[in-house]
Protein chains: 2
Amino acid sequence: MKIATYNVNGINSRLPVLLKWLQNAEPDIVCLQELKAPQEKFPIDEINKAGYEAIWHGQKQWNGIAILSKGFEMTEVQRSLPGNEDDNQSRYLEVIIDQIVICCLYLPNGNPYPGPKFDYKMEWIKHFKKRTKQLIDMDLPAILIGDFNIIPTEKDVYKPERWKDDALFQPEVRKAYSQLLKNGWTDAIRTLFPEETIYTFWDYLYKAYDRNAGIRLDHILLSPYLRSQLMRGGVDKEVRGWPKSSDHAPVWVELDRK
Amino acid sequence: MKIATYNVNGINSRLPVLLKWLQNAEPDIVCLQELKAPQEKFPIDEINKAGYEAIWHGQKQWNGIAILSKGFEMTEVQRSLPGNEDDNQSRYLEVIIDQIVICCLYLPNGNPYPGPKFDYKMEWIKHFKKRTKQLIDMDLPAILIGDFNIIPTEKDVYKPERWKDDALFQPEVRKAYSQLLKNGWTDAIRTLFPEETIYTFWDYLYKAYDRNAGIRLDHILLSPYLRSQLMRGGVDKEVRGWPKSSDHAPVWVELDRK
DNA sequence: GCCGTAGTTG
DNA sequence: CAACTACGGC
């Protein structure tokens with residue numbers, strides 16, 4: 001089973017690129033972030049035509065997440081972070097597919113640091129950690145997947161010193177990420193490629209992609225039960241070079257579900 | 001030699017449509033109006049890639065004209081209407097190609113009538129007529145080509161009575177046009193098709209194109225010397241039906257230059 | 001740079 | 001209906 005995440009930066013502007021990538025990559029499950037479209041403007045007809053069912057949670061101008069599935073039945077569990085239901089930003093969607101709890105997230109960016117947006121990020125992380133703790137405690141097969149807006153380590157950024165004041169690279173944010181790993185979650189991509197330079201985001205500005213001036217923000221974390229099923233994974237980096245692409249690239253893993 | 005005019009209504013928004021049309025129609029010379037782009041945002045690289053050289057006169061938000069040439073050398077003569085150089089609107093460009101003086105124009109719309117914008121239109125026409133008179137007096141091979149924003153006769157509009165109060169159809173404007181013909185200029189399209197209903201513009205609103213509720217605004221006028229060289233001509237009406245099209249269609253003639 | 005939003009013009 | 005100006009967000 002191939003599971004992917006892709007921050008599309010506008011589902012409707014990105015539709016041709018998304019459909020082309022779906023056809024090439026043939027993922028079974030896809031978690032999307034930054035739809036930037038209200039609920040009623042999600043292009044469900046074209047997604048269906050490509051062979052995917054979808055559950056999505058849109059929002060007028062920003063945020064918005066979706067989960068696509070080809071051939072696997074989906075059951076919606078949550079459309080906001082439990083304990084954070086009064087959050088008016090669409091950033092969390094949880095479904096069960098093939099007995100796996102799939103948590104699609106678009107964690108707040110938090111810039112500028114410091115400030116109220118960063119405080120909101122830390123508050124969101126607090127609720128998120130509570131949820132991930134529950135999933136671990138219940139020994140469920142689960143995946144945390146999406147745009148974490150966290151650069152985990154200095155390996156995951158082209159010039160660490162330039163990101164010292166950025167909300168994506170603050171020690172308390174990176175600590176929250178490393179605690180997830182300590183609690184039993186496995187960073188699938190880093191596990192498969194322990195030493196490689198791997199980025200998932202390149203800014204639109206300053207020809208960042210041409211210079212490979214990227215950062216790693218999009219992650220796939222596996223619960224202990226699923227770790228042994230991890231077969232392959234990667235970043236579809238070339239997609240970032242296509243015309244009219246998102247500033248993120250798709251990230252994927254293949255699990256051996258037997 | 002095939003010479004065309006096309007009011008693109010935004011050169012950068014129209015680029016895919018323009019390139020597709022250039023490839024299909026293969027004109028040698030193209031006069032463009034309503035670039036709606038400043039000088040530095042003209043997409044010269046893509047135009048070059050399509051095989052055309054270009055001279056253009058951009059303007060920040062409105063107006064803007066260009067002349068493209070494939071395989072014929074161009075010499076710029078004027079980039080504003082002589083006698084009207086302090087006009088700050090980019091509406092006139094004159095070049096010599098293959099010994100023909102080509103006058104690309106985007107005549108002011110003039111709405112609402114009456115008012116200062118209509119006065120500006122009449123003032124512009126006054127300067128324009130002076131220039132056309134000079135060209136006739138000098139017996140030069142010349143073409144007046146572009147968006148005249150003039151509906152010449154009742155034949156050239158789907159419902160004349162609805163345009164009685166419009167600046168495009170005022171008697172004094174139509175008179176200026178008929179005087180050009182009297183002075184020796186030949187309306188190429190009307191000469192080729194004396195009785196047909198021919199439109200070059202259909203409003204974006206109210207499904208005007210589907211209803212063929214159009215008007216004829218884009219004209220190609222030949223000096224006496226060139227009249228005998230007129231072989232063919234037409235309106236590429238289907239282009240108006242393409243996705244993301246301009247509200248105008250391209251108009252073209254073929255001259256036998258021997 | 002490239003998304004979206006709203007308002008203005010034709 | 002589809003250009004434009006702006007602005008906010010990342």
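Of the atoms of DNA strand D within 4 Å of the protein, what percentage belong to sugar or phosphate? The figure is 90%, and bases supply the rest. The model is predicted.

## Surface around strand D

Both protein chains line DNA strand D. Chain A contributes Lys36(A), Trp62(A), Asn109(A) and Lys117(A). From chain B come Asn9(B), Ser13(B), Arg14(B), Lys36(B), Lys60(B), Gln61(B), Tyr204(B) and Leu205(B). By character, these residues split into five charged, four polar and three nonpolar.

## Polar contacts to strand D

Arg14(B) places a polar side-chain atom 2.6 Å from a phosphate oxygen of DNA strand D. Ser13(B) also faces a phosphate oxygen of this strand, at 3.4 Å. Asn109(A) meets a sugar or linking oxygen instead, with its polar side-chain atom 3.2 Å away.

## Surface around strand C

DNA strand C is surrounded by residues of chains A and B. Those of chain A are Asn9(A), Gly10(A), Ser13(A), Arg14(A), Lys36(A), Lys60(A), Gln61(A), Tyr204(A) and Leu205(A). Chain B supplies Lys117(B). The surface here has four charged, four polar and two nonpolar residues.

Of the strand C atoms within 4 Å of the protein, 77% belong to sugar or phosphate. The rest belong to bases.

## Polar contacts to strand C

Two side chains pair with phosphate oxygens of DNA strand C. For Lys117(B), the distance from a polar side-chain atom is 2.9 Å. For Arg14(A), an N or O atom of the side chain lies 3.3 Å from a phosphate oxygen.

Lys36(A) reaches a base: its polar side-chain atom is 3.3 Å from a base oxygen of DNA strand C. Lys36(A) is also listed among the residues around DNA strand D.

Definitions and conventions
Residues are numbered from 1 along each chain as its sequence is written. Chains are lettered from A and ligands numbered from 1 in the order in which they are written. This is a predicted model: local features need pLDDT of at least 70, side-chain atom pairs count only at pLDDT 80 or more; totals for chains, interfaces and linings use all residues. Side-chain values use heavy atoms; hydrogens and water are left out. A residue is near a molecule or strand if one of its heavy atoms lies within 4 Å of it. A polar contact is a pair of N or O atoms within 3.5 Å; within protein, one must be able to donate a hydrogen and the other to accept it, and residues adjacent in sequence count only if both atoms are side-chain atoms. Ala, Val, Leu, Ile, Met, Phe, Trp, Tyr, Cys and Pro count as nonpolar, Asp, Glu, Lys and Arg as charged, and the others, Gly among them, as polar.
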